[in-house]
Amino acid sequence: MTEPDAIHVLAGDCHVRADEVSHRGEVVVLIKPDNTVLVHDVDGYQPVAWLTRAESVARTTDGGFSVTAIAGDRTLRIESRSAYGFGRYPGSPAGIPVGDCPDCSRVLVRAGGRVSCPGCAAEYGLPDGASVLEERCECGLPRMCVSRGATFELCLDRACESLDDAVRDRFDGEWSCPDCDGDLRIIRRGGLLAGCERYPDCEVGYVIPGGVVDGACGCGLPIFETPRGRRCLDSTCVADDR
């Protein structure tokens, strides 16, 4: 297995065998932290051979080098005839810069659903639909804007400011269960839910969507204005008054 957050780079005149196909040439081999192996030559942008997220990667670097990657019934083997060099280099997610890390002053980057620091490995998950703001929390981290029934501006670090707590403070007990008239409580069970207080006797529960409350549905539950349009808290509701 490769080390976390390390990219291995090997260059040389190599014999490359990908299953039944063979190549020979001067190439650069990249081994990524997730065990993806890429073999690049000078022609175009696509690797001449690759294996994505291999189950195992074995390599030797004794004068020359060799790499064997296996994923299921697929095998990629690279053997150097002449080795030009090899090394291990730090790697990190590359994303949109969103400010400086308050712990080590490196640049925080947003990549996918997280904000991370390549310097100190700090990482913060982003709720679906969240945007990162220029404003800073007192702890030094950027703040984010996220909508769950209302729009909240919170610290990236949920230990500093919790989205669950903000939604609970605003909506806990705000709505009634359509089956038993019990209060819907804000809970986290796999996701952020509005669940009946009489659970397990009443198993009614709804995932709180991204968006803001904008009126009431004919079934009695709130209507949300979401990026995909208006919808009832109950995603299966067919009331025609939205």
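Where is the place of Arg148? In this predicted model, the answer is strand β13, which covers residues 142-149.

**View 1. Arg148 is a buried charge without a salt bridge.** Look for a partner of opposite charge and you end up at Asp128, the nearest such side chain, 5.2 Å away. That is no salt bridge, because the cut-off is 4 Å. Asp128 still has something to offer through its backbone: its backbone oxygen sits 3.0 Å from a polar atom of the Arg148 side chain. Beyond its neighbours within four places in sequence, Arg148 is in contact with a mixed crowd, including Pro127, Leu163, Val167, Phe171, Leu192 and Gly210.

**View 2. Helix α1 lies across β15 and β16.** The helix spans residues 163-171 and runs at about 180° to β15. Underneath the title pair is an open, antiparallel sheet of 3 strands, ordered β15-β16-β17. Its edges are β15 (184-188) and β17 (205-207), each pairing on one side only. Neighbouring strands here are turned by 30° against each other on average, direction ignored. Zoom in on β15 and β16 (residues 192-196) and you'll find 5 bridges joining them, with Leu184 opposite Cys196 of β16.

**View 3. An open sheet of 7 strands runs in the order β4-β3-β2-β1-β7-β6-β5.** The pairing is antiparallel. At the edges are β4 (49-51) and β5 (56-60), and each of them pairs on one side only. From one strand to the next, the twist averages 30°.

**View 4. Strands β1 and β7 run antiparallel.** Here 13 bridges join β1 (residues 6-18) to β7 (residues 74-90). One pair to pick out is Ala18, which stands opposite Leu76 in β7.

Key. Residues are numbered from 1 along each chain as its sequence is written. This is a predicted model: local features need pLDDT of at least 70, side-chain atom pairs count only at pLDDT 80 or more; totals for chains, interfaces and linings use all residues. Side-chain values use heavy atoms; hydrogens and water are left out. Helices (H or I, at least four residues) and strands (E, at least two) are DSSP runs, numbered from the N terminus. Buried means under 20% relative accessible area, exposed over 50%, partly exposed in between (1.4 Å probe, protein chains only). Lys and Arg count as positive and Asp and Glu as negative; His and the chain ends are not counted. A polar contact is a pair of N or O atoms within 3.5 Å; within protein, one must be able to donate a hydrogen and the other to accept it, and residues adjacent in sequence count only if both atoms are side-chain atoms. Contact means heavy atoms within 4.5 Å. Two strands pair if DSSP finds at least two bridges between them. Axes are lines fitted to C-alpha atoms, for helices over the stretch in contact, and angles run from 0 to 180 degrees between N-to-C directions.
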